[in-house]
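Please examine the structure shown below. A series of questions and answers accompanies it.

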Amino acid sequence: MKKFGDMKARFSGIHDLMKNRVTEILLISTEYDAYVLEEDGRLIEQIYHHFSDLSIPFIPRIHWVDNGEDACEELKTSTIHLIITMSRISDMSSFDFETTIHKAYPNIPIVMLSYDRLTPEMIARIRGISCIDRVFHWSGDNKVLVAIIKYIEDKQNVEADSKLGVQAILLVDDSPAYYSQILPTIYTEILTQTRCLVLHAMNLNHGLLRVRLRPKILLAETYEEAMVIISKYRYNLLGVISDVRFPKDGVLNAQAGFELSQVVRTMIPDLPFLLQSEEAENEEKARELQLKFLNKNSHNLLHNLRTYIMENYGFGAFVFKYPDGKVIDEANDITSLERIIRDLPEESLYYHATKNHFSRWFRARAEVEVADKLRFVDIGQVGNVSDIRSYILKVLNDYFKKYQSGLVLDFEGLSKKDMENAFIKLGTGSLGGKARGVAFMNVMIAKALLADKYEDMKVKVPRSFVIGSDVFEKFIEENKLYSFLSTNPTEAAIAQKFTESPLPAATQENLRVLTQHIKCPLAVRSSSILEDSRVLPFAGIYNTYVVPNSHEDYEVRFKQLADAVKLVYASVFYAAPVQYAKNADIRIEEEKMAVLIQELVGESYGDLYYPAISGVAQSYNFYPYYPLKPENGTVSLALGLGKAIVEGERVYRFSPAYPKINPLVSGPREYLKKSQNAFYAVNLNDSADITLRADEDYIYKKLPISQAHKDQSLEYTGSTYSAENDCIYDNVYQPGPKLVTFAPILKYNRLPLTQIIKDLMRLGKQSFGTDVEIEFAVNIPKDPSKPKEFNFLQIRPMVVGKEAFQVTMDEPLESWCFSRRTIGNGIYQNIHDIIFVDPETFNLQNSVQIASEISELNKRLFTEGRRCILIGFGRMGTADKWLGIPLTWEQMSQALVIVEVDLKDLRPEPSLGSHFFHNLTATHMGYFHIQYDNETEGLLDWDWLCSQPVLQQTQYVKLVRREEPFNTKIDGRSFKGIIYK
């Protein structure tokens, strides 16, 4: 099957459609005629109501004049697109100035609108006047004005727009009185159909595209004129509606309609052809020729015409029938159409497919490509009826997956909600930084054709829903929360107040639909307008909540999801973002919060739910060792949910340039000791009925690696340690303890993970113009027939490699701290304070208490408006208290330079994939890493530091201050840093 076109490009082609617009109309009439149109007929109001709800910003304006002289003057000073003259036919001399105008402005169409009863003689006389493009009859119904405007636009645009797939309906009739009645009826049905399509559009651009792709109405008054149109636009016609008696070869021909129908049937066998006539005897002949027929004398003519259009042009619902006409079901949108087709009786499916009903239905919706693929489906082409069903479902699935790939869709009215690769917006306003990055990469993945590039693995963005930032503002205003926040409430009070406050009604309704529709756990993530920016990432500063979405009562699921959204809103006003914003010299009031809701990537293992792999990839490596280079990047991988990575726990790190190089450990026994020893999952049964609270950690279950082995989820990620041989086997089928090495993937390439990461980092770096950090998760279904999935979760720019100035370090000054493993670039002056963990009293088992004491001293510096150097052991900001000091951002907000020091028994790898490190680099803080027993790479003079004047001391932490600053320099090119005495 040929690939469908680039939908993004198609949407951008909106502006190539309907280039000729009628927005300025010159009306030439008596003052009374103008009054009848403007006032009695409420012309402007009528036109406005026909146009406004179709998102068309071009409402026509009427310029009225009552004589030729004023008309000429108006034409000189205004841009006119259409001239309507209401001259009396009985006064033929009145056409003099119309003829003059036509000669001076030949490209402006002139339409005559007449009150008079138009006899064949009058019509013939009018047609003899070349300046009049078409004559219409005014019967008092102002809908004819809309029809005139749309007819002229269609006539001017059809040639160009038909090349872009726009369809057309041909009306063949030589009676102005009749086509002045019929055209408004047809346009009314088309505009009604267009309104329905706009309501079911995937987003605003798709809605505008459907407006401009609406079928055009073409009018022919003679056989020859009709044949020119049919020959030229035969592949764009939805149908022909024709009179029986009209001119052919220059004379009135009583059989012209029948002759035209036979030619059309030969050219386009399946094209709907409707005959209309005032002569009742023509009905019998039409029936013999198996042609549809309407009697023009019928009192129900217009109603019958509307019914015919609905049934034969694919407008309205698709009505499934048996060949004998018995109705089975009907589909109002694509979702229900696809659902019904799956179980439709074979005789009905064959009937509709071979009659091109499916093709016509999609063609009426301007989905020309899928309509072409469903045209002339028969057993000779496809096979048996079962094959036809499979073919139709595959066409629908392939096309709409491609349609939605890379697009942000509007939730309102979206019918195809169960599509994969969908990025759906709820409400208005900004997507926020995090969601914007995901939406952008969703586009780029589709554009770069990465989704299906790799064997046995699909690249995708998990189904995502974004609540726009306007909803946040509306929520705050409707619940008068700014006045509440002005009282400086505690975080617990903020969380309670926010969860007690209702979301806007429309958002509640959307979330109810979402929870009924989505059956897997959901990650509810912040996406503020400041988040993941080039300069200020706010990484991990706001809270993320996992909603189990597993309770049998969807009202419980809805409340959990709504509470999660409100708690994300509440986290804007917690201490960490407030402190972070102050450090960055911005006001937290500037912040606006969108919320990104994503399907949680994973597989169910009994009550547990988790992915096979979570990962963070950075295109720049701060700590390369031979043969690695900084530009090779680095990747952190973990079994289970990615919390282990962002919290700085033990995970696996490798360079995508050298995936087979083992970590720097002394041997298998140390490898076992330092590898990931636990993973995070969600227990769907235990958490099904939880009430969400501000602390987001309680939803996670931390489990031993042995649990994953029981779940049989280590096939692609695990190895086995053999104590007997002191070696590691790269599979999980040997007896012995299991450890997470990712060897089956990285060494034996069982999955193309490394290549996908390389491609995405290259794409991200190229698109952002800077180094990037990517978060992802890999799902490996238990069902081997299902494709494995690489799920792209997030991207943010990294602030590296753009040193503003060179830092020289050749001064003959003594230093007390030196390192060749640093992050940052610059000279850090005016630091008079140091907070450091006392090496004499430090014990890792007290790390939580140490974090609390650092926070106490940090609050003092915050009150005094002072920055400091912060020194501690192991990792700072880790969530694992056995790897270092578990500080949160607000507990260390006054640190301008951070020094992490290793001990003999505490030498964790730096937490490169953590939110902590990303915020550190993005806020231009300095970082030093002092390795244990490696003085050539780094050294800290503890004797000198401990001799400095102590301003305040807690049980485990000291704050020193002196008059002379502790000047610090970091050279971002050489990774060398010095703090001078």
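The following questions concern a predicted model and treat its salt bridges, aromatic pairs and surface charge.

Q: How many salt bridges does a search of the whole structure find?
A: A salt bridge requires a side-chain nitrogen of Lys or Arg within 4 Å of a carboxyl oxygen of Asp or Glu. Searched over the whole structure, the model yields a total of 39 salt bridges.

Q: With which residue does Arg-61 meet in a salt bridge, and in which strand does that partner lie?
A: The side chain of Arg-61 meets that of Glu-24, at 3.0 Å from N to O. Arg-61 is partly exposed, with a relative accessible area of 48%, whereas Glu-24 is buried at 15%. Arg-61 belongs to strand E2 (residues 61–65), so the pair ties together parts that are 37 residues apart in sequence. The partner is therefore Glu-24, in strand E1.

Q: Is Arg-463 buried or exposed?
A: Arg-463 forms a salt bridge with Glu-599, the closest N and O atoms being 2.6 Å apart. The pair links distant parts of the chain, 136 residues apart, with Glu-599 in strand E21 (residues 593–599). Buried means under 20% relative accessible area. Since the value for Arg-463 is 16%, this residue counts as buried.

Q: Which helix holds both Asp-563 and Lys-566?
A: The side chains of Asp-563 and Lys-566 meet in a salt bridge of 3.7 Å, N to O. Both residues are buried. They are three residues apart, about one turn of the helix, and the helix is H25.

Q: Why is the pair of Phe-320 and Phe-358 tilted, and at what angle do the planes lie?
A: Planes under 30 degrees apart count as stacked and those over 60 as edge-to-face, the rest being tilted. The ring centres of Phe-320 and Phe-358 are 6.3 Å apart, and the pair is tilted because the planes lie at 50 degrees.

Q: Which parts does the pair of Phe-320 and Phe-358 tie together?
A: Phe-320 is buried, with a relative accessible area of 0%, and Phe-358 is buried at 2%. The two parts are 38 residues apart in sequence: strand E13 (residues 318–321) and helix H16 (residues 357–364).

Q: Is Asp-70 buried, partly exposed or exposed?
A: Asp-70 gathers with Asp-66, Glu-69 and Glu-73 in a patch of negative charge on the surface. Asp-70 lies in helix H4 (residues 68–77). With a relative accessibility of 36%, Asp-70 counts as partly exposed.

Methods. Residues are numbered from 1 along each chain as its sequence is written. This is a predicted model: local features need pLDDT of at least 70, side-chain atom pairs count only at pLDDT 80 or more; totals for chains, interfaces and linings use all residues. Side-chain values use heavy atoms; hydrogens and water are left out. Patches are made of residues with over 30% relative accessible area and no salt bridge: like charges are joined within 9 Å, nonpolar side chains (Val, Leu, Ile, Met, Phe, Trp, Tyr) within 5 Å. Accessible areas come from the Shrake-Rupley method with a 1.4 Å probe; for residues, only the protein chains shown count as cover. Lys and Arg count as positive and Asp and Glu as negative; His and the chain ends are not counted. The place of a charge is taken as NZ of Lys, CZ of Arg, CG of Asp or CD of Glu. Helices (H or I, at least four residues) and strands (E, at least two) are DSSP runs, numbered from the N terminus. Buried means under 20% relative accessible area, exposed over 50%, partly exposed in between (1.4 Å probe, protein chains only). Rings of Phe, Tyr and Trp (its six-membered ring) pair if their centres lie within 6.5 Å; planes under 30 degrees apart count as stacked, over 60 as edge-to-face and the rest as tilted.
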